[in-house]
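Colleague: I would like a close look at a single part of this model, namely how the helices pack against one another and what lies between them. Could you take me through that part in one connected account?

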Amino acid sequence: MMACLSIGMIIVNVLILLPLNGWQLGSSESVGVVICVGFSVDYVVHLASHYVHSRHLVKEERLRESLREMGISILSGSISTMLATVVLFICVVTSFTKFAAFVLSTVGLSLFFSLCFFSSLCAAWGPEGQTGNFNYMWKFTKKWCRHKKRLFIRTSQ
């Protein structure tokens, strides 16, 4: 839920840049929005996945491990993407410069919302213990169903 909120915040903030730059929603802006959705998911999902699959059970330790393990990769990936995109501002074609603006704003906002906003949400309200572990929930559900089945068989006899 927190990851979805963070991703939604990234997309909304990038879409706010359309009217602020005086752009109409045309073909190059539509392509930029599609790219925005893809880029906005990337960093947050990496942090969320590492957080959920952490071997630690306490949220502070989970967050510390996910930031230590994934934070440097997220930061270096965003820097390399930004450096590669800056070159597009040299182009004369407007769609390339708009695309560069979309990518830079999306990557910058994704970096902020993943490392600051999402991390803050995890520190405050992140799941602890086995919460969010689908394997654990599946085993628990199977065990519970077997128990209910035994109770049902006993009471029906």
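**Helix packing and the residues between**

Modeller: The axes of helix 1 and helix 2 come within 9 Å of each other and cross at roughly 150°, in what is, please keep in mind, a predicted model. Since angles over 145 degrees count as roughly antiparallel, helix 1 and helix 2 are therefore roughly antiparallel to each other. The crossing in which helix 1 passes helix 2 is right-handed. On the side of helix 1 this contact is made by Ala3, Ser6, Ile7, Ile10, Ile11, Val14, Leu15 and Leu18, and on the side of helix 2 by Glu29, Val33, Cys36, Val37, Ser40, Val41, Val44, Val45 and Ala48.

Helix 1 also packs against helix 4, at an angle of about 150° and with the axes 9 Å apart, which makes helix 1 roughly antiparallel to helix 4. Here, too, the crossing is right-handed. The residues of helix 1 that make the contact include Met2, Leu5, Met9, Asn13 and Leu17, while those of helix 4 include Phe102, Leu109, Phe113, Phe118, Cys122 and Trp125. Ala3, Ser6, Ile10, Val14 and Leu18 are among the helix 1 residues in this contact with helix 4, and they are also among those listed for the contact with helix 2.

The remaining pairing to describe is that of helix 2 with helix 4, whose axes are 9 Å apart and which pack at an angle of about 25°; that makes helix 2 roughly parallel to helix 4. The crossing of helix 2 and helix 4 is right-handed.

From the helices we can turn to the side chains. The largest nonpolar core has 24 residues, of which Val44, Ile74, Phe118 and Cys122 touch the most other members. Two or more residues of this core come from each of helix 1 (2-20), helix 2 (27-52), helix 3 (59-86) and helix 4 (94-125), with helix 4 giving the largest share, eight residues. Cys122, once its neighbours within four places in sequence are left aside, is in contact with Met2, Tyr51, Lys59 and Leu63.

Two residues with polar side-chain contacts deserve a careful look alongside that core, and Tyr43, in helix 2, is one of them. Its relative accessible area is 5%, so Tyr43 is buried. Its contacts, leaving aside neighbours within four places in sequence, are with Ile74, Gly77, Ser78, Thr81, Val107, Ser110, Leu111 and Ser114. The side chain of Tyr43 also reaches the backbone nitrogen of Ser78 at 3.5 Å. Although Tyr43 and Leu115 are 72 residues apart along the chain, their C-alpha atoms are separated by 8.4 Å.

Ser114, in helix 4, is the other, and with a relative accessible area of 0% this serine is buried as well. The side chain of Ser114 reaches the backbone oxygen of Ser110 at 2.7 Å, and a polar atom of that side chain lies 3.2 Å from the backbone oxygen of Leu111. Not counting residues up to four places away in sequence, Ser114 touches Tyr43, Val44, Leu47, Ile74 and Ser119. Val44 and Ile74, which appear in that list, are among the core residues that touch the most other members, and Tyr43 is likewise in contact with both Ile74 and Ser114.

Note on methods: Residues numbered from 1 in each chain as written. Predicted model: local features only at pLDDT ≥ 70, side-chain atom pairs only at ≥ 80, totals over all residues. Heavy atoms only, no water. Core = buried A, V, L, I, M, F, W, Y, C linked by side-chain atoms within 4.5 Å. Buried < 20%, exposed > 50% of the residue type's maximum accessible area, 1.4 Å probe, protein only. Helix = DSSP H or I, 4+ residues; strand = E, 2+ residues; numbered from the N terminus. Contact = heavy atoms within 4.5 Å. Polar contact = N/O pair within 3.5 Å; in protein donor to acceptor, adjacent residues only side chain to side chain. Axes fitted to C-alpha atoms, helices over the stretch in contact; angles between N-to-C directions. Parallel < 35°, antiparallel > 145°, perpendicular 65-115°, else oblique. Left-handed = near helix turned anticlockwise from the far one by under 90°.
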